[in-house]
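Here are a few exercises to work through with the model open beside you. Try each task before you read its solution.

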Amino acid sequence: MKYLVMECHPGYAILLDEEGRFRKAANLHYKVGQTVRDPVWMRTERRRPARWVRSGIAAAAACLLLFLGVQFYQGYLQPYSFIYLTINPEVRMNLNRQGTVVGLAGTNADGEALLEGYDGRGKNKVTVADELIDRAIEMGFLSDGGRVSFSIDAPDEALFQAYGTELRTEVTEHLDGRILVTLEIVDHDRAQEALARPSASGTATATPAPTPTAIPTPTATPSPEPTRPANTPTAAPPAGDSGYGDSGYDDDGDSGYDDDDGGDSDYDDD
């Protein structure tokens, strides 16, 4: 059988046999990497891996654990996107790649009050949104006619659309029949750009959020007086009426000259 010299020490050498076993033999002026036959085995031989092999295995295990730890952190613990829930309280939800909440923070005093005693870590974003809205109702922050806004800070447009659709659908169903509010979904980056956009005077101005307006109830409008179109024939006058008013003649056919003088026309017969 052939043996490969793996380590050389003053009194002994570590050899690797063809079956992958490490053995301790007398060092007969061996050199590392040399192939030998018929070694002289040491009586105190212990078959254990060489030190460098053990160190390599330990290093590989450490690298694997580090890699798995980084993967786990990036996939489950590291914030990947954010959702800002604004009522009057404002709360920021930190989400991992799976959409699970890994952290919550109140961005104003009312937001901190809303989160007091609440822990939503490890829950789905929709569950946390529903529970925070319920708490806001109980604490008097939200009532009929109020506004619930979700500002989504996502790394790409597809994720923004997916989260926005999911939140709108689930929250609407959660509040159905309980309270009537205005639900708003906005892109966080675009909203921030709008707030920072300079006005004509050169100063940054805030763009106010749209507010719901009541639709006016239609009222009855009086119908206009009908007008007769041009060239429309008029009603026929009553029988015997010429339509031109009084002609100056009596109804008995009198021509307006007296008959008392026998029909004298004021002209002499001669």
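A residue counts as buried under 20% relative accessible area, as exposed over 50%, and as partly exposed in between. Keep in mind that this is a predicted model.

**Exercise 1. Find the aromatic pair in the structure, describe its geometry and classify the burial of its two members.**

Solution. Step one: a search of the whole structure gives one aromatic pair. Its partners are Tyr-3 and Trp-41, with 5.0 Å centre to centre and 80 degrees between the planes. Planes over 60 degrees apart count as edge-to-face, and that is the class of this pair.

Step two: place the partners. Tyr-3 belongs to strand S1 (residues 2-8), while Trp-41 is in the loop between strand S4 (35-37) and helix H1 (51-77), so the pair ties together parts that are 38 residues apart in sequence.

Step three: apply the cut-offs. Tyr-3 has 9% relative accessibility and is therefore buried. Trp-41, at 28%, falls in the partly exposed class.

Step four: look for a charge by the ring. Arg-23 lies over the face of Trp-41, at 3.7 Å from the ring centre.

**Exercise 2. Check the length of helix H4 (residues 157-175) and work out how its buried residues are arranged.**

Solution. Step one: the helix has 19 residues, and at 1.5 Å a residue these should span 27 Å. The end C-alpha atoms of H4 are 27 Å apart, so the two values agree.

Step two: list the buried residues of H4, which are Leu-159, Phe-160, Tyr-163, Gly-164, Leu-167, Val-171 and Leu-175. They cover an arc of only 125 degrees around the axis, so they lie on the same side of H4.

Step three: turn to the other face. Away from the buried side, H4 carries the exposed residues Ala-158 and Glu-173.

Step four: find the packing partners. The buried residues of H4 pack against strands S5 (81-86), S6 (90-95), S8 (147-153) and S9 (182-187), and against H3.

Step five: inspect both ends. At the start of H4, a side-chain oxygen of Asp-156 comes within 3.3 Å of the backbone nitrogen of Ala-158. After H4 comes Gly-177, with a positive phi near 80 degrees.

**Exercise 3. Is Lys-125 buried or exposed, and which residues does it touch?**

Solution. Step one: locate Lys-125 in helix H3 (residues 125-138). Step two: its relative accessible area is 3%, so Lys-125 is buried. Step three: leaving out residues up to four places away in sequence, Lys-125 touches Ile-83, Met-93, Leu-95, Gly-99, Val-101, Tyr-163 and Glu-166.

Key
Residues numbered from 1 in each chain as written. Predicted model: local features only at pLDDT ≥ 70, side-chain atom pairs only at ≥ 80, totals over all residues. Heavy atoms only, no water. Helix = DSSP H or I, 4+ residues; strand = E, 2+ residues; numbered from the N terminus. Buried < 20%, exposed > 50% of the residue type's maximum accessible area, 1.4 Å probe, protein only. Contact = heavy atoms within 4.5 Å. Expected span 1.5 Å × (residues − 1). Arc of directions from axis to C-beta. Polar contact = N/O pair within 3.5 Å; in protein donor to acceptor, adjacent residues only side chain to side chain. Phe/Tyr/Trp six-rings, centres within 6.5 Å; stacked < 30°, edge-to-face > 60°. Lys NZ or Arg CZ within 6 Å of the ring centre and 35° of its normal.
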